[in-house]
Structures are given as structure tokens and as C-alpha cells.
Amino acid sequence: MNILTPKKIVLLLLASILSFAAKAQEAWTLQQCIEYAVKNNIQIKQSYLNTELAKTNLTQSEVSLLPSINANASNYYNYGKTIDPFTNSFATEKVRSDRYSLQGNLILFNGLQAYNTIKQNQLNMAASKYDAEKMVNDISVYVASAFLQVLFDMELLDMANKQVLLTHAQVERTKKLVDAGSVAKGNLLNIESQEANEELQVVNAQNNLDIAYLNLTQLLEIQDARNFKISRPAIPELLNAELKEDVAGIYQNALANKPEIKSAELKLKSAQKSITIAKGALSPQLGIGGSYGTGYSGLSKRLVGEPTYGIAPTGYFTSSNESVLGPVLLNEFEKTPFTKQINDNINKSFGFNLSIPIFNGFQIRSAISKAKINTANAQLNLESAQKQLYKSIQQSYADAQAAIKKYAATQKAVSALRESFLYTEQKFNLGMLNPLDYNDAKNKLAKAESDLVQAKYDYVFKKNILNFYQGKPIAF
């Protein structure tokens, strides 16, 4: 028998903590982030609960086709004058009476309302599944955007650190030249000022990266953001980037794949079903029902033994005022036993009921009008969803095209500025250029390189969004 000693418990706890810490240090890929968000996001969980609710409504509408069966039991004590329901005799004392029954009803026809309600709930459940799928897609896009922002800020931080290293090397070189008397001390002060400014840029870049990490972890519902790190994928440089698809083709593909469009279409069909259901209330309703019951009365009595008769005054008198005698029952009576009454008082009923709507305060007509208005609104919601989808695709397509153009133009600018900076750096090293002009060229190159990184990541994200509209997963 393996008994956990305090020492073993402590070791197990330490192992668990170390295992958790090691896991926390693991770098998360984009796919892992998306999967974790889908599993833990509260909005997605609520969407799944809405789907379960729609499923419950569907089940309820299906079982409503079955007959309703109910058992009833009652026990009463009556005080005062009343008619006993089982003996049909007057009672003035306290009387106990019990009733037991089993009743059943089945709707045979009600304008196909039950059938159409099932069809409507099937549509609603399917629509709720697409709503949940849309929520998953939205969260996936949000996670991808936050993930890409972290990657972008990582590159900016790397670039800022490289600038500091480069300027620091110039500071050390200029110090030697100042000590040797080759250049004025003002040159050193200008370079040191540039270094201090770039160190501030590193701090700002680190802060931006920390905020980007915080936004991503909050989106993932992760409490401890300090130990969270992402895996840095290799995003290649864009070579001859172009968009082969057009807006119309992407839109047609998205219409067949996007869950928000399918949901809106199903909700329109559901609203159309509501009109049919409302009109069904104009039809007669035919049902069948029956009951099986029995009961017990405290007034019920039965004869004890065989009947024994005698002669006794009847309470009547002759014309000569003589009492009239007659036969009377001389036996005693006792309360009828409970079991016997239950068996003797069994009653059964069976029949049909027909209800024909004639006038009900225009409730049915109002319900039909409301259903038609809801259907018109559902049609507008579908059209709005389609137009919004088209606008989103148009915008994403234009953004991707702009990112391609910006990347190509910035790439040329970076190439030119790099050549210019190398020439400027050579002149500065030879003492032919003052530090202000050198720093200006250096800052222009850093700005262009930053714009190039931004254009690359902007295109990667917009391109993935266009792929996502076509049913392709987000990956970079």
C-alpha cells in the first residue's frame, strides 16, 4: 500500500510547480493562442450556451407532439352542509373525501403549428451554431491581430537596440578622436545626445511591446502576463507580392462560407416559419382526451351482515289517527372500507374536443402582422450582413493593395537611404561631416526601416484576412 508521506507530498507539489513554470516559459505559437482563446473566451462560451438553449427548445417542441398525461390526487375535509360527491347525500358533520385520477390529452390537429414550430426551432438551432462559429472567427481574428502586433513591436525593439549599439560605437570612436584632439568636444556631445535619445526610444519600444503582450494575454484570459512569451515565426520579406483574387471573387466565396451570412439566411427562414405558425392559429383545433379516476367518501356506509327486517311505525297515520306500521331494516351499518370504495368508485371517460376560433380580440391577426414585420426585419438584416461583408472585403482588399504599394515604395527608399547613410557615415568618420547631418541621415534611415516593417506586417495581416474570408485558416 503506497502511503503519501508529508515529504512525498511536498516533492509532488514542487514537481507540479516546476512543471507549470516550465510550461509557462514555453513560447506560444499563433495556433496555440487561437485554440486557447477559443477554449477559454467567455463570449464563445456564452455562444455555445445559446446553442444548447436552442437545442433544448427544439427538443421541447418535438416532445410536445406526445400526449400529455397527468396524475391528480386530492384530500379534503368538509365542515358544514354539503353534498357528498360519491353518495349524493347531504352531510352536516366533518366529512373526508379523496379523489384520484389519471388524465390524458392529445392534440390531433392545430393548423400544423406544432410541426412548423419544430421546423422553426431546427432553423434557430442551426443559426445559433453559425453564431457561435462567427464568434470563434471574430476571436481568432482579434488574437491574430494582437499576435501580429507583438511581432511588430518585437522588430521595432530590435531595430531600436541596433541603433543604440551603432551610436554607442560612434560615441566610443568620437571620444578617442576628442582625446587625440582631432575633433571638437561638441561633436562628442552631439553624438552622446543622440545616444540618449535612442536609449529613450528603446524604453518606448519595450513599453509598447509590454502593452502588446498585455493586450494579447487579456484577450486569451491569461492572468499571469509576465511569464507569457510567443514563438516568433519567420516572416519572409515580400518578393513580388500581389493579390491574384479580385473583390467579386472573394465576396462570392465568402457568401458561401461566412457563418454570419448563413446565420442571417436561417433567421430569415425562421421568421418566415413564424408567419406560418401564426396563421395556423386560424384553423380549428381537434384533440382527444380521457380520464380514469376513483375516490373515497367518509359518508359511504355498508350493511353489516344479512338484511334483517322488522315492523315499526312508518311515521304515517290513518284517517282515524292510527299509526301505520311497515317493514324496517334492523341491521347496523359501518363505513365502507377505503379499498372497496376505490374499486367501486372507478370512473372512466373518453372523448374528442373541437375548438373553432371565431373572435378573439384580433389576437391572431395581430400575431400574423407581427410575424410579417419580423420577417421583413430579418430580410433587412440579411441584406445588411451581405453589404457589410462586401464593404469589409473591399476595405481589406484596398488595405492590402495599399500595403503592397507602400512596401514596394518604402523598400526602394530604404535601399537608397542605406547607400546614402553609408556614404554619410564614411564622411563623418573622416571628419568631413558634422554630427547633426550624420544623425539626420541615421534617423531618416531608421524611420524608413520602421515604415518597411510596418508595411510588411500590415500586408501579412490584410492578406490573411482576405484568405479568412475565403475559408482559409490564419497562419503566418
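R96 counts as partly exposed, because its relative accessibility is 31%, and its salt-bridge partner is D98, with the closest N and O atoms 2.7 Å apart. The model in which this pair is found is a predicted one, and a search of the whole structure finds 13 salt bridges in it. Three of these pairs are described below, followed by the packing of helix α4 (residues 113-180) against helix α10 (residues 435-469).

**The pair R96 and D98**

- The two partners differ in their surroundings, since D98 has a relative accessibility of 1% and therefore counts as buried, whereas R96, at 31%, counts as partly exposed.
- The cut-off that separates these two classes is 20% relative accessible area, so that a residue under this value is called buried and one between it and 50% is called partly exposed.

**A pair within helix α4**

- D138 and K134 join their side chains in a salt bridge, for which the N to O distance is 2.7 Å.
- Both D138 and K134 belong to helix α4, where they stand four residues apart, or about one turn of the helix.
- D138 has a relative accessible area of 23% and is therefore partly exposed, and K134, with a relative accessible area of 30%, is likewise partly exposed.

**A pair between helix α4 and a loop**

- D158 and R232 form a salt bridge in which the closest N and O atoms are 2.6 Å apart.
- This pair links distant parts of the chain, given that D158 lies in helix α4 while R232 lies in the loop between β6 (229-230) and α6 (247-257), and the two are 74 residues apart.
- R232 counts as partly exposed because its relative accessibility is 42%, and D158 is also partly exposed, because its relative accessible area is 29%.

**Packing of α4 and α10**

- Two packed helices are described by the angle between their axes and the distance between the axes.
- For helix α4 and helix α10, the axes come within 11 Å and cross at roughly 165 degrees.
- Angles over 145 degrees count as roughly antiparallel, and α4 and α10 are therefore roughly antiparallel to each other.
- The crossing of α4 and α10 is right-handed, and the residues of their contact divide into 15 nonpolar, seven polar and four charged.

Methods: Residues numbered from 1 in each chain as written. Predicted model: local features only at pLDDT ≥ 70, side-chain atom pairs only at ≥ 80, totals over all residues. Heavy atoms only, no water. Axes fitted to C-alpha atoms, helices over the stretch in contact; angles between N-to-C directions. Parallel < 35°, antiparallel > 145°, perpendicular 65-115°, else oblique. Left-handed = near helix turned anticlockwise from the far one by under 90°. Nonpolar A, V, L, I, M, F, W, Y, C, P; charged D, E, K, R; others polar. Salt bridge = Lys/Arg side-chain N within 4 Å of Asp/Glu carboxyl O. Buried < 20%, exposed > 50% of the residue type's maximum accessible area, 1.4 Å probe, protein only.
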